[in-house]
Amino acid sequence: MTAHPLPPSALDKLAFLAGHWRGGRSDIVIEEMWLAPAGGVAQGTVRLLKGGEIGTIELIVVAAESDRVVMRYNHFYTDCRTWEKDGPIALTLTKAEADEAVFTNLEHPPRHASEMGYKQTGPDALSSWVITVDANGKLAQHGFDYRRVA
């Protein structure tokens, strides 16, 4: 099944992401903080710690454009340099419901991620997943479960 871009109005469906979320497993702690959609943009940031050390820092901007909603994100080193040398990674919103959002990489071949999604699984619970693509085209799925931080 081919994924299709949703219209700019679908951005408002991302309101369920707003807040501070924390999750993890074994020696990994991941936090995401999201601002609710306003002015045509929702914004998020991610910090992943592995064994107490920074593993990932991300800035995510989700913007309503003329014909679709696009998520763009970069990974950062602790000195604010980006990992990506060729600009942010872009995914398009292809599913948006009151409690779920799916972003799909419509580039062929996809760069870094083929899909990223979020699903609210309870009033204070959220799950996320990303399907990454390595340089050889191999896919790997990574998922996290979060609890809302008061």
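Q: How are strands and helices assigned here, and in which strand does Thr92 lie?
A: Helices (H or I, at least four residues) and strands (E, at least two) are DSSP runs, numbered from the N terminus. Thr92 lies in strand E6, residues 89–97. This is a predicted model: local features need pLDDT of at least 70, side-chain atom pairs count only at pLDDT 80 or more, and totals for chains, interfaces and linings use all residues. Residues are numbered from 1 along each chain as its sequence is written, and side-chain values use heavy atoms, with hydrogens and water left out.

Q: Is Thr92 buried or exposed?
A: Buried means under 20% relative accessible area, exposed over 50%, partly exposed in between (1.4 Å probe, protein chains only). Thr92 has 7% relative accessibility, so it counts as buried.

Q: Which residues does Thr92 touch?
A: Contact means heavy atoms within 4.5 Å. Leaving aside residues up to four places away in sequence, Thr92 touches Pro5, Arg68, Val69, Val70, Val102, Phe103, Thr104 and Leu106.

Q: Where is Val61, and why does it count as partly exposed?
A: Val61 sits in strand E4, residues 53–64. Its relative accessibility is 33%, so Val61 counts as partly exposed.

Q: How many strands does the protein have?
A: There are 10 strands and 0 helices. The radius of gyration (over C-alpha atoms) is 15 Å, close to the 15 Å that the globule rule (2.2 Å times the number of residues to the power 0.38) gives for 150 residues, so the protein is as compact as a globular protein of that length.

Q: What share of the residues is buried?
A: Buried residues make up 39% of the 150.
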